[in-house]
Amino acid sequence: MNYQKVYGITGPVSTVGPTAAENKLNDELIAELKQENSFESAQDTQNRVNTLKLLQQLAEKFVYTVSRNKNMSDGMAKDAGGKIFTYGSYRLGVHGPGSDIDTLVVVPKHVTREDFFTVMDKLLRERPELEEIAPVPDAFVPILKLKFNGISIDLICAKLDIPQVPISLTLKDNNLLRNLDEKDLRALNGTRVTDEILELVPKPSVFKIALRAIKLWAQRRAIYANIFGFPGGVAWAMLVARICQLYPNACSAVILNRFFKILSDWKWPQPVLLKPIEDGPLQVRVWNPKIYAQDRSHRMPVITPAYPSMCATHNITESTKQIILKEFKRGVQVTNDIFSNRLQWKDLFVKHTFFQQYKYYLTITAMTNSNDDEQHLKWSGLVESKVRLLMMKLEQLSGVNLAHPFIKPVETIYTSSDASSSSNMFVEIMDKYGTHTMEQQLDKKYIKVTEENKDKYSDANRVFATTMYVGIDVDEAALTNSNSNDKGKKYKLDIHIPCAEFYNLCHNFNEEYNDKEKFQLVVRNIKGFELPDNVFDEGETRPTKKRKTVPSTNKTERQVKKQRIQPVQS
């Protein structure tokens, strides 16, 4: 009698292995992923390994330094240890060229988070490999963002309630979580979840190829960004892992087709689980919609397998849910056509049309007047983290079908050859930045800082601008007054109140950001043909302004109020 291990909370849908035709499609999928530059070179892989070894040495030096500062003997300080763990795409083995490394420093109980942002920060700044550093101590998970040895690294820290962290330590034991605060628990969660995912898939090699394809697809279709209300890397990994559990002997090509079919028909908000939710030793909240109203509000819950289980997709809004489901349905159609030899894998990875598909766009620009890029990274990061709250308010307005965020902010830096005009430059850029016509004027007057010339202007005063885009699908019928006395009246969709609330939320988050001469937030509504050049790739066609036609007397014209949001006056 053949015994096959059951993965997941149910038995498999099918245990059938791949056919010759499916294996051929699988080979073609891997070839396409290589063509799409999904795999990095052996040299780049070795560079990552060397960089992590160096970070391990720095972690041990960090713990040793803190231990000595707290009057421990030299021997005790050396024994205190410290260990680097990875999580996310690198740990899963699905990273590509240019991917960052999500990295966790685990420290013993006498090392504090404050030590991490002082001592570890200082040790990193002393290294010649450091190119950029941005501490974000107030983040949901406090983090140091680095560019180190040519690699982007997100470095977080967690302390355990133990006196030493040996190099042999693993994080599997739930009892290691005792006596930790919420921020330490969240920091440890990434590594623990990633390790569990790898243990819960039948064939890791099949899972990794399928996940590489889904990551590429989600990025190309612009639905990969937890911060803006789409699934992030860990959520996509868990979704792929669940399909692998249901088809334990299938090849990656088949997993992709079943991925789209099953998830497009999934009975949301039924959760996606890789294993039963488990109890543990802590008095902490575990995802449970029967107890917590907040958990019942999750639209597409994907639950982490490591204790304490959490929802990895709590940021999904009603609008982003609609967009994700639409992309799942497209995925079904395209992969069916690939299996019928009517299309090829490259057709699955066709780029999104975000900047061509809406008439109206909201631009949200965080601006900083400074020669310190760290200040701007903090300010723009704060604004970016709050955009989802603005979207949720917009989608509640009558007349808005959809508030569709774009997943990548657009960065621009200006400077001037005239050092005396810095304040005027900030005001003028704030007034004009964000549309095709106005930016052409700015480009004639000011210098745009690029990778090629940035060293030349590193000490100059600069204006940093980070712009987030939201496409607004307006419901014309909802803006038409049905009152017979008002037929033909033109109505406006007034977005001033949610935008003003968003403006005040960001500026009032921290007293520092109330300095309007240094930090500004500009929210504008523009039409598609006004979008600036830097959102279009080479060869892409920008939307054109439609010629006006003479309206009939019965036609109701929809309008969206164009505005720049100013502080609410008392």
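User: What makes alanine 222 count as buried?

Analyst: In this predicted model, alanine 222 has 2% relative accessibility. Buried means under 20% relative accessible area, so alanine 222 at 2% counts as buried. The residue lies in the loop between H7 and H8.

User: What is the phi of alanine 222?

Analyst: Alanine 222 is not a glycine, and yet its phi is positive, about 60°. Most residues other than glycine have a negative phi.

User: Which other loop residue has a positive phi, and where is asparagine 149 found?

Analyst: Asparagine 149, a residue other than glycine, has phi near 60°. Its place is the loop between strand S4 (143-148) and strand S5 (151-159).

User: Why is asparagine 149 called partly exposed?

Analyst: The relative accessible area of asparagine 149 is 30%. Buried requires under 20% and exposed requires over 50%, with partly exposed in between; asparagine 149 at 30% is therefore partly exposed.

User: Why are H7 and H8 called oblique to each other?

Analyst: The axes of H7 and helix H8 (residues 233-246) cross at roughly 135° and come within 10 Å. Angles over 145 degrees count as roughly antiparallel and those of 65 to 115 as roughly perpendicular, the rest being oblique once the roughly parallel angles under 35 are set aside. An angle of roughly 135° belongs to neither range, so H7 and H8 are oblique to each other. The crossing of H7 past H8 is right-handed.

User: Which residues of H7 and H8 meet, and how do they divide into nonpolar, polar and charged?

Analyst: From H7, the residues Phe207, Ala210, Leu211, Ile214, Trp217 and Ala218 meet Trp236, Ala237, Val240, Ala241 and Cys244 of H8. This contact of H7 with H8 comprises 11 nonpolar residues, no polar and no charged.

User: What makes H1 oblique to H7?

Analyst: Helix H1 (residues 20-35) packs against helix H7 (residues 204-220) at about 50°, with the axes 11 Å apart. Roughly parallel requires an angle under 35 degrees and roughly perpendicular begins at 65; an angle of about 50° meets neither condition, which makes H1 oblique to H7. The crossing of H1 and H7 is left-handed.

User: Which residues form the contact of H1 with H7, and how do they divide?

Analyst: Leu29, Ile30 and Leu33 in H1 meet Ile209, Arg212, Ala213 and Leu216 in H7. These residues divide into 6 nonpolar, no polar and 1 charged. Arg counts as charged, so Arg212 is the charged residue of this contact.

User: How do you know that the span of H11 agrees with the expected value?

Analyst: H11 has 22 residues, which should span 32 Å at 1.5 Å a residue. The end C-alpha atoms of H11 are 32 Å apart, so the two values agree. After H11 comes asparagine 341, with a positive phi near 65°.

User: What is the reach of H2 from its first C-alpha to its last?

Analyst: Helix H2 (residues 42-69) reaches 41 Å with its 28 residues, close to the 40 Å expected at 1.5 Å a residue. Among the buried residues of H2 are Leu52, Leu55, Ala59, Phe62 and Val66. An α-helix has 3.6 residues a turn, so residues three or four places apart point the same way. Just after H2, asparagine 71 takes a positive phi of about 70°.

User: Is serine 73 buried, partly exposed or exposed, and why?

Analyst: Serine 73 has a relative accessible area of 37%. Partly exposed lies between the limits of 20% and 50%, so serine 73 is partly exposed. It is found in the loop between H2 and helix H3 (74-79).

User: Why is serine 380 called buried?

Analyst: The relative accessible area of serine 380 is 5%. Buried means under 20%, so serine 380 is buried. This residue lies in helix H13 (residues 373-394). Leaving aside neighbours within four places in sequence, serine 380 is in contact with Ala366 and Thr466.

User: Which peptide bonds to proline 269 and proline 308 are cis, and what are their omega values?

Analyst: The bond from tryptophan 268 to proline 269 is cis, with omega near 10°, and the bond from tyrosine 307 to proline 308 is cis, with omega near -5°. Most peptide bonds are trans. Proline 269 is in the loop between helix H9 (252-264) and helix H10 (293-296), whereas proline 308 is in the loop between H10 and helix H11 (318-339).

Notes:
Residues are numbered from 1 along each chain as its sequence is written. This is a predicted model: local features need pLDDT of at least 70, side-chain atom pairs count only at pLDDT 80 or more; totals for chains, interfaces and linings use all residues. Side-chain values use heavy atoms; hydrogens and water are left out. Helices (H or I, at least four residues) and strands (E, at least two) are DSSP runs, numbered from the N terminus. The expected span of a helix is 1.5 Å times one less than its number of residues. Buried means under 20% relative accessible area, exposed over 50%, partly exposed in between (1.4 Å probe, protein chains only). Axes are lines fitted to C-alpha atoms, for helices over the stretch in contact, and angles run from 0 to 180 degrees between N-to-C directions. A crossing is left-handed if the near helix is turned anticlockwise from the far one by less than a right angle, and right-handed if clockwise. Contact means heavy atoms within 4.5 Å.
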